[in-house]
Amino acid sequence: MIEPESSLNKKIYFIKKAKPGCELTTLLKNKFKSIDAIRDILCWFEARRYFHVILTDWAPELDTTAPRAVAIGPTLPPRENYRNIARSIENIIFWLDSGRDFDITLNPADPFLVNLN
C-alpha cells in the first residue's frame with residue numbers, strides 16, 4: 001500500500017547552461033534550484049517517503065548514458081539511504097559546478113519498487 005505522502009506529484013528541477021550575457025542570472029537561478037532540490041531530498045527523507053532521485057545529464061557526449069537513479073525509503077538500510085543521498089547531492093554539486101545541462105527529478109515511488117533497487 002502506498003503511503004498518502006507518496007501520492008504527491010514528482011518534482012523536476014531544470015538546470016540549464018547560461019546564454020551569453022545572462023551568465024550571472026542563470027548561475028544564481030541554477031544555484032537556487034539546486035538548493036531547493038537538495039532541501040526537498042532531505043525533507044522527503046525526513047518525512048519517511050519512498051522516492052527515487054533521478055539525475056539526467058543532457059550533455060551531448062553522454063546521450064547514450066541512462067539517467068542516474070537512486071532509491072530512498074524508510075525500509076532501506078540506513079547506510080544505503082545515507083550513501084544514496086550523499087551520492088545524489090555530490091553529483092548535483094559537481095554537475096552544477098561543471099556547467100552542465102541536467103535535470104533533477106524527485107519521483108515518489110511504491111515502497112515495493114524502492115526495495116527492489
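User: What makes R100 and D57 a salt bridge?

Analyst: The closest N and O atoms of R100 and D57 are 2.6 Å apart. A salt bridge needs a side-chain nitrogen of Lys or Arg within 4 Å of a carboxyl oxygen of Asp or Glu, so at 2.6 Å the pair qualifies. Keep in mind that this is a predicted model, where local features need pLDDT of at least 70 and side-chain atom pairs count only at pLDDT 80 or more, while totals for chains, interfaces and linings use all residues. Residues are numbered from 1 along each chain as its sequence is written, and side-chain values use heavy atoms, with hydrogens and water left out.

User: Where do R100 and D57 sit, and how many residues apart are they?

Analyst: R100 is in the loop between α2 and β4, D57 is in strand β2, and 43 residues separate these distant parts of the chain. Helices here are DSSP runs of H or I with at least four residues, strands are runs of E with at least two, and both are numbered from the N terminus.

User: Why does D57 count as buried?

Analyst: Buried means under 20% relative accessible area, exposed means over 50%, and partly exposed is in between (1.4 Å probe, protein chains only). D57 comes in at 12%, so buried is the right label. R100 has 23%, so its label is partly exposed.

User: How do you know that K11, D36, R39 and D40 are linked in a network?

Analyst: Follow the salt bridges that join them. D40 and K11 meet with N to O at 3.0 Å. That pair ties helix α1 to strand β1, so it spans parts 29 residues apart in sequence. D36 and R39 also come to 3.0 Å between their closest N and O atoms; three residues apart in helix α1, they are separated by about one helical turn. By this rule, the structure has five salt bridges.

User: Which of D40 and K11 is buried and which is partly exposed?

Analyst: D40 has a relative accessible area of 6%, so it is buried. K11 is at 33%, so it is partly exposed. On the other pair, D36 at 30% is partly exposed, and R39 at 43% is partly exposed as well.

User: Why are W44 and F51 called edge-to-face?

Analyst: Rings of Phe, Tyr and Trp (its six-membered ring) pair if their centres lie within 6.5 Å; planes under 30 degrees apart are stacked, over 60 edge-to-face, and the rest tilted. W44 and F51 have centres 5.3 Å apart and planes at 85 degrees, so they pass both tests. Both rings are out of the way too: W44 is buried at 5%, and F51 is buried at 0%.

User: What makes W95 and F102 edge-to-face?

Analyst: Run the numbers again: centres 5.4 Å apart, planes at 75 degrees, so the verdict is edge-to-face. W95 is buried at 2% and F102 is buried at 0%. In total, the structure holds three aromatic pairs.

User: How do you know that β2 and β4 pair?

Analyst: Two strands pair if DSSP finds at least two bridges between them. Strand β2 (residues 51–57) and β4 are joined by seven, running antiparallel, so the test is met. In that pairing, V53 stands opposite L106 in β4.

User: Which strands are the edge strands, and what order does the sheet have?

Analyst: The open sheet has four strands in the order β1-β4-β2-β3, with antiparallel pairing. Its edge strands are β1 (11–15) and β3 (68–72), since each pairs on one side only. From one strand to the next, the twist averages 10 degrees. Helix α1 (residues 23–46) packs on that sheet, touching β1, β2, β3 and β4, and its direction makes about 155 degrees with that of β1. Such angles run from 0 to 180 degrees between N-to-C directions, with axes as lines fitted to C-alpha atoms, for helices over the stretch in contact.

User: What does the side chain of N84 reach?

Analyst: N84 lies in helix α2 (residues 78–98), and its side chain comes to 2.8 Å from the backbone oxygen of A71. Leaving aside neighbours within four places in sequence, N84 is in contact (heavy atoms within 4.5 Å) with V70, A71 and I72. At 5% relative accessibility, N84 is buried.

How values were computed. A polar contact is a pair of N or O atoms within 3.5 Å; within protein, one must be able to donate a hydrogen and the other to accept it, and residues adjacent in sequence count only if both atoms are side-chain atoms.
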